[in-house]
Each structure stands twice: as structure tokens, then as C-alpha cells.
Amino acid sequence: MIRKENFWDDVKNELQKSMQAISYEVWIEKLEPVCFVGNTFVLSTASTTSKKTIDTRYLDLIKDVVSSLNSFITNVEIIVKDKESEYLEKQSDSIPEVGLVVDGTAKKEKSRPSPFREEYTFDEFVEGKSNQFALAAAKTVAENPGGKYNPLFIYSGVGLGKTHLLQAIGNYLFKHSPKTKVVYANSETVVNELISAIRSKSNDENNRFREKYRSCDVLMIDDIQFLSGKEATQEAFFHIFNDLYQTNKQIIITSDHAPKDLSTLEERLRTRFSWGLSVDIQPPDMETRIAILKAKASRRNFNLSDEVALFIAENSPPNIREMEGLLTSIFFFSSLNNKPIITKELAAEALSKFIEDKKGVLDANDIVSAVCQYYKISPADIFGKKKTKNIVEPRMIAIYLIIDLLSMPLVSVGQIFGGRDHTTVIHARDKITEEMKTNTRLKIVVADLRNILLNR
Ligand code: ADP
Ligand code: MG
């Protein structure tokens, strides 16, 4: 038999995946499960106005989700709170766990759409030396969640396929093991939810937050680095992690760095993240880049020759998202000019602006000189060991900008800065990133410098 509270939580979980966060918070979060009356699930809301909005905008969606989760329940009714007692009098004693066919009356199991991005599957993920371990680990986890790789920690620079792999695991489970309850969240979402739970001071909302994350079989947190400096969320996540881990539920985390280098996260979290398997994704080699470009092109029904693929790959930064961006520009250019055959010349013309931009390439020296001029200090100071505030800030900003604008490997940045360790480099970057969130002056300085450098 199902409990209305648990059932409603499941429904909400699904709704949340397919709705805008704000609409979900305003219209769905505040609904309360009242009871089941026959095949109808009754929910209450505070006012007639909100009932109207929900009826017109969201009722169909709620019904779809409800009947996909339990085919016995085929209807949903939203009522105003003061009518609850009328319905409670008529409520059914018991609702079967899954509405399997009851003398032919129950609806056939409906197929519900996957909440994960359709094109982010294992099939669409091109394997190469740079990502083969991450891909193999992701597949193993998808086939056997809660098995030997727990937690699975995937890290890489931006645009190299972490989110794609997470969602591929989600799509795989959705297809092969639809009963597995998968929660996918970006760590920013977790932070926002927790903040709203804390602010609301309502136990219900707190419980809901905890329930959502503790009741799943597979928890995926994308970009965990955004928990840096968020102590309360880290604390909450620590407990969720322990609960899930102890009950052999699968945890999958992605980040821009290996667990040990996430210096802004609590030590106890970092330790736990290293308990399972950590795998990284490296920037793809030329061969893999070409294979990815060809796969992406054929998905969009464009034929890309090896020559053109190589041309794009050579002119692209080692970031697959940006490489796809170049490909899109070429397709756009091709249809705009009515030239459906993509030759190397056409590609070159389409990317000419980008390639020219690259010619006046910015290098680390340009950045350091710009920062020195701006702060009226000497390069020797920036590269040296002085720890006074007037030197430390520009030094950190220079490091931040070099990483941001040049995508240079951290180790190389460390070398430029007098052989500093790459953790020092990470610290500088994270510190500036963090401070800019609250320090307007710093934000303006960085924006100014960025302007100066990009519009030389
Ligand atoms: P990240 O989360 O690491 O920043 P994403 O997963 O968002 O990166 O990937 C960026 C883009 O690159 C996505 O469109 C994704 O499909 C594509 N991509 C990354 N790696 C591969 C790959 N190996 N094969 C095909 N597409 C890939
Ligand atoms: Mg991502």
C-alpha cells in the first residue's frame, strides 16, 4: 500500500525535473497531498486563484507524472484547503503499490520521457584515449550502481564531457532499470534548495530536502566545486553522503579538479570522495577531436570530410564545447550563404574572424604587463615572493586571468610564477573567483583588465 506523502514526494521529484525551478517552487512545492479517492489523487492548495493557475497550467503534467508512477491512479484533483474534509470523508482505504491491471480497469503503463538530455547517451559519446577510463567507469556504474566504484568521481576541465557522461548514466538507467530512483542535480541547485529550506524554517521543507536526496538509489552531483565556501550545504551533503554510502546507494560526482585538489571543500568530504574511484578526462587528441566533430555533424545531417574536420580541430581550443561552437558557426554560415557543401575554404571563411582573433594571440606576458601597469607595480614583484597585500592581489588576479583567458595548464602557470606549486595556482584562482562574488571593487578591476586585454 502506498502512503500519500511518499507518493507525492516521488511525483514532485519527477515534476521538478521537467519544470522551471521557479514555477516548481511557486506552484508545486506548496501543494499538499490530501488523500486518494478511488482512482483520483487529491491535492490541496491555499486559494482559488492558485487552484485556477495550477488547473490550467500544470494539471495535465501532474496527471501524466502521477499515472506514469502508478497506473492505478489516473486522475488528479486540486482542491482548496477548506474543502479537505469533504474529500477525506470519501477517501479510499488502500491504493495498490503499483497499479497493475485490476480487472482491466487500470491504464496501461504510459511511457514517460527521460528527464535526461536525449543526445547525452553512451552511444553518442566518442571514446578516445583521453576519456576511455571515465567512460568505462561510467558504464560499469550504470550497469551495476552501488557496486565496486562508489563514489565515482569524474573530473576534468570545462567542456570535456563530464555532464554528458552523468546524463548518459541517467539515460541508461532510465531505459534499463526504470525503477531505479536517480537524482541528478547541479551543486548550485543543491545550495539553492538548502538555502530555501533553511529560510523557510519549516520542518516540512527541511524534510523534503533531506528526503529528496536520501531516498534515491543513485545520486549524481554535477560540478561539486560550487560547494566551495558553502559550509552549511557541505555539512548537509556530508550527512546525505554517509546515509547513501552506508546503504550501498551509488554516488557520482563531477568536478573541475581531483578530490585532493578541491582545497575549498571540507577535508572530510575530500576524504570521502577518494574512497571510491576517481577518473579524469583529458583534452582529446587530434584523432578523437575529429571523430567527435564527425559524429556531431552527422547527427545534424551534415557530411564533414576528414580534411574539414582536421581543419576545425586544429583551429579549436582543446574544449569540445567550443569545438562544437565552431562547427555550429560553419553550419550557420553554410546555410546563410546557400552553400551546402562544406569545403575547407568555406570552413576557413566561416571561421576567419575566429582564426584572425587567434593570430593576435594573447600570452601570459601580455597579461602580466597589463596587470602591472594597472597596479603600477613591477613584473619582478608579481613573480617574486613578497606577501604584502598590494602585491598579493595583483599576483592572484594575473594568475586568475591567465587561467581564464589562456586556458593554460595549471602546472605551466605555476612555472611562470617562479615555480609555484599548482595548488597555489588553484588557490589563487579560487580565491579571486570567490571574492568577486561579494567584492564589487574586485569585480570591476577584473572586468577592466579583461577589457583592456581583449580589446588591445
Ligand atoms: P563538461 O560537463 O565537462 O563541462 P559537457 O559534458 O557539457 O562538458 O560536454 C560539452 C559538450 O561536448 C557536450 O555537447 C558533449 O556532448 C560534448 N562531448 C564531450 N565529450 C564528448 C565525447 N567524448 N563524445 C561526444 N561528445 C562529447
Ligand atoms: Mg558540466
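Helices (H or I, at least four residues) and strands (E, at least two) are DSSP runs, numbered from the N terminus. This is a predicted model, in which local features need pLDDT of at least 70, side-chain atom pairs count only at pLDDT 80 or more, and totals for chains, interfaces and linings use all residues. Residues are numbered from 1 along each chain as its sequence is written, chains are lettered from A and ligands numbered from 1 in the order in which they are written, and side-chain values use heavy atoms, with hydrogens and water left out.

**Exercise 1: a salt bridge inside a helix**

Task: Find how far apart Asp55 and Lys51 are in helix 3, and work out what that spacing amounts to in helical turns.

Solution:
- Start with the bond: Asp55 and Lys51 form a salt bridge, with 2.8 Å between the closest N and O atoms. The term stands for a side-chain nitrogen of Lys or Arg within 4 Å of a carboxyl oxygen of Asp or Glu.
- Now the spacing: the two sit 4 residues apart in helix 3 (residues 48-57), so about one helical turn separates them.
- The rule behind this is that an α-helix has 3.6 residues a turn, so residues three or four places apart point the same way.
- Then check accessibility, where buried means under 20% relative accessible area, exposed over 50%, and partly exposed in between (1.4 Å probe, protein chains only). Asp55 comes out partly exposed at 27%, and Lys51 is partly exposed at 24%.

**Exercise 2: two more salt bridges**

Task: The structure holds 27 salt bridges; take Lys81 with Glu32, then Arg429 with Asp430, and say where the first pair sits and whether the residues of the second, Arg429 and Asp430, are buried or exposed.

Solution:
- Lys81 and Glu32 meet through their side chains at 3.1 Å, N to O.
- That pair ties together distant parts of the chain, 49 residues apart: Lys81 is in the loop between strand 3 (75-80) and helix 5 (84-90), and Glu32 is in strand 1 (residues 32-37).
- Lys81 is partly exposed at 38% relative accessibility, and Glu32 is partly exposed too, at 36%.
- On to Arg429 and Asp430, whose side chains meet at 2.8 Å, N to O. Arg429 is buried, at 14%, and Asp430 is buried as well, at 19%.
- For a bonus, look at Arg3, Lys4 and Glu5: salt bridges with shared partners join them into one network.

**Exercise 3: the two sides of helix 2**

Task: Sort out which residues of helix 2 are buried, and which exposed residues its opposite face carries.

Solution:
- In helix 2 (residues 21-28), the buried residues are Ser23, Tyr24 and Ile28.
- These cover an arc of only 100° around the axis, so they lie on the same side of helix 2. The arc is taken over the directions from the helix axis to the C-beta atoms.
- Turned away from that side is a face with the exposed residues Ala21 and Ile22.
- Helix 1 (4-18) and helix 4 (59-69) are among the elements covering the buried residues.

**Exercise 4: the nonpolar cores**

Task: Describe the largest nonpolar core and trace the contacts of Ile169.

Solution:
- A nonpolar core is a set of buried Ala, Val, Leu, Ile, Met, Phe, Trp, Tyr and Cys residues joined through side-chain atoms within 4.5 Å.
- The largest has 46 residues, and those with the most contacts inside it are Phe122, Leu165, Ile169, Met220, Ile252, Leu304 and Ile312.
- Helix 14 (residues 320-336) gives the largest share of this core, 7 residues.
- Domain 2 (132-281) and domain 3 (286-359) each supply at least three residues; the bounds come from an automatic or database domain assignment.
- Beyond residues up to four places away in sequence, Ile169 touches Phe122, Ala138, Ala142, Met220 and Ile252. Contact here means heavy atoms within 4.5 Å.
- Another core lies apart from this one, with 31 residues, including Ala364, Ile403, Leu410 and Val425.

**Exercise 5: backbone oddities**

Task: Locate the cis peptide bond at Pro151 and the positive phi values of Asn248 and Lys376.

Solution:
- The peptide bond from Asn150 to Pro151 is cis, with omega near -5°. Pro151 belongs to the loop between helix 6 (132-143) and strand 4 (152-156).
- Asn248 is not a glycine, yet its phi is positive at about 55°. This residue lies in the loop between helix 10 (231-246) and strand 7 (250-255), and is exposed at 54%.
- Lys376, also not a glycine, has a positive phi near 55°. Its loop runs between helix 17 (364-375) and helix 18 (379-383), and Lys376 is exposed at 74%.
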